[in-house]
Amino acid sequence: MKLKITCIALYFFAILSSHSQEIKSPKFGKGLFNLVGQDSSWTMKIGARMQFLAISNWEDGENNESNFLVRRARLKFDGYAFTPKLKYKLELGLSNRDISGASPFTSNAPRYILDAVMKWNFAPGFELWFGQTKLPGNRERVVSSANLQQVDRSLLNSRFNIDRDLGIQLRHKFNLSDKFVVKEMLSIAQGEGRNITTGNLGGHQYTGRVELLPFGNFASKGDYSGSDLKREQTPKLALGVSYDHNNNAVKNRSNQGSYMVNDTGFYKTNINTLFIDAMFKYKGFSLMAEYADRDAKDPFAKNSDGSLTGDEVQVGKGLNLQTGVLCKNDWEISGRYTNIKLDQNITGKNPETQYTLGVSKYIVGHSLKVQTDVSHLEIKNGSNELMWRLQFDIHF
């Protein structure tokens, strides 16, 4: 199946290339092709990107482990259909990391589809989204993996994020003053993650988010992009709060993690997640801060007779602080501090603290860059770990 999709994509590109004299290609990093219908009733931008990663880990008392892999390989299609007020986005993942997770809940099929969403601007300031895409959760997760300040996201994101799901979202924005911008988002989703084909096993997932931008919009949507590549000439600040309620959730990390199976099918409990975050940028300096807190009505998964199944909801708190300074030659030094405290009485997991130092060279912004970082992970009453990563990123 993967080979078939790849061949179809290559065939499609070959057809377009055969008419290259008729298609004006955009500049590097702005898509492979920007197509417009003859009557201007539709558009499509076609893009591709790849990330190549080298990683090495050292754990106390263990042998070094090294790996080379294609971290991400993706095709992206976006534009509008019929009217500029009806936009769409389709993103496909082709790397093993992108499509992993096949299970009976995805019809045992690879999870190729990342985003498949329509966005309807039905009134001034309002958009209705429907399909599969990222939920309005923590800021770091919504930042594209192509636009990260360091090689990858933090431990807070891996432990608490609510990622993608299927459903509808209502988004609204307005100005309190000439500069002060307010954004509101409300989502109703299936609650079990992306590419699920078995229908709704638990309840639905409800997510609300409010963002405040007191000094106006960031350049080029920089509030959702790592590093201050636009070198904001005036201070820019974005504050965000998200609250997620997954009713009768059947996974141990809201819509992520493992299914909690019991003797009657699935254990269900309400899971709530709070995110508070901020992004600040000014003249090449950037600071991102995030706090996460997850709880559950009854975190211990049980059978019908009340006996424990051995599964539990991953409740707890996390803090992530990340900052960077962009030099005039487009080299950047960044640092990150992450602290994770899952409830030890429930999860049995010890607190984790990770320190990360990163160096990036932006050749053509985020579209062509080389990044490396080194991280030291401290686990209370456990082994310390050292990790080094080097990644090359190209985005057409």
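Along strand β19, which side chains point to one face and are buried, and which point to the other and are not?

## Two faces of β19

In this predicted model, strand β19 covers residues 316-326, and its side chains alternate along the strand. Gly316, Gly318, Asn320, Gln322, Gly324 and Leu326 point to one face and are buried, whereas Lys317, Leu319, Leu321, Thr323 and Val325 point to the other face and are not buried. This fits a general pattern, because in a regular strand the side chains alternate between the two faces of the sheet.

## Neighbours of β19

Strand β16, which spans residues 285-296, pairs with β19 in the antiparallel sense over 10 bridges, and strand β20, residues 331-342, also runs antiparallel to β19, joined to it by 11 bridges. Lys317 of β19 stands opposite Asp293, and its bridge partner in β20 is Lys341.

β19 and β20 form a hairpin with four residues between them, and in that turn Asp330 has a positive phi of about 65°.

## Enclosed spaces

The structure holds two cavities of 30 Å³ or more, and the largest cavity contains about 120 Å³ of space. It is lined by 16 residues, of which Gln149, Gly226, Met279, Met288 and Gln322 are the closest to its centre; Gln322 is also one of the buried residues of β19. Strand β16 gives the largest share of this lining, three residues, and by class the lining has five nonpolar, seven polar and four charged residues.

The second largest cavity has a volume of about 50 Å³, and among the 14 residues that line it, the closest to its centre are Gly131, Thr133, Gly167, Ile168 and Gln169. Here the largest share of the lining, five residues, comes from β7.

Key. Residues are numbered from 1 along each chain as its sequence is written. This is a predicted model: local features need pLDDT of at least 70, side-chain atom pairs count only at pLDDT 80 or more; totals for chains, interfaces and linings use all residues. Side-chain values use heavy atoms; hydrogens and water are left out. Buried means under 20% relative accessible area, exposed over 50%, partly exposed in between (1.4 Å probe, protein chains only). Helices (H or I, at least four residues) and strands (E, at least two) are DSSP runs, numbered from the N terminus. Two strands pair if DSSP finds at least two bridges between them. On a 1 Å grid over the protein atoms alone, a cavity is a set of points where a 1.4 Å probe fits but cannot get out, and a pocket is an open set with protein on both sides within 12 Å along at least five of seven lines; lining residues have an atom within 4 Å of a point. Grid points are joined across faces, edges and corners, and a volume is the space filled by probe spheres set on the points. Ala, Val, Leu, Ile, Met, Phe, Trp, Tyr, Cys and Pro count as nonpolar, Asp, Glu, Lys and Arg as charged, and the others, Gly among them, as polar.
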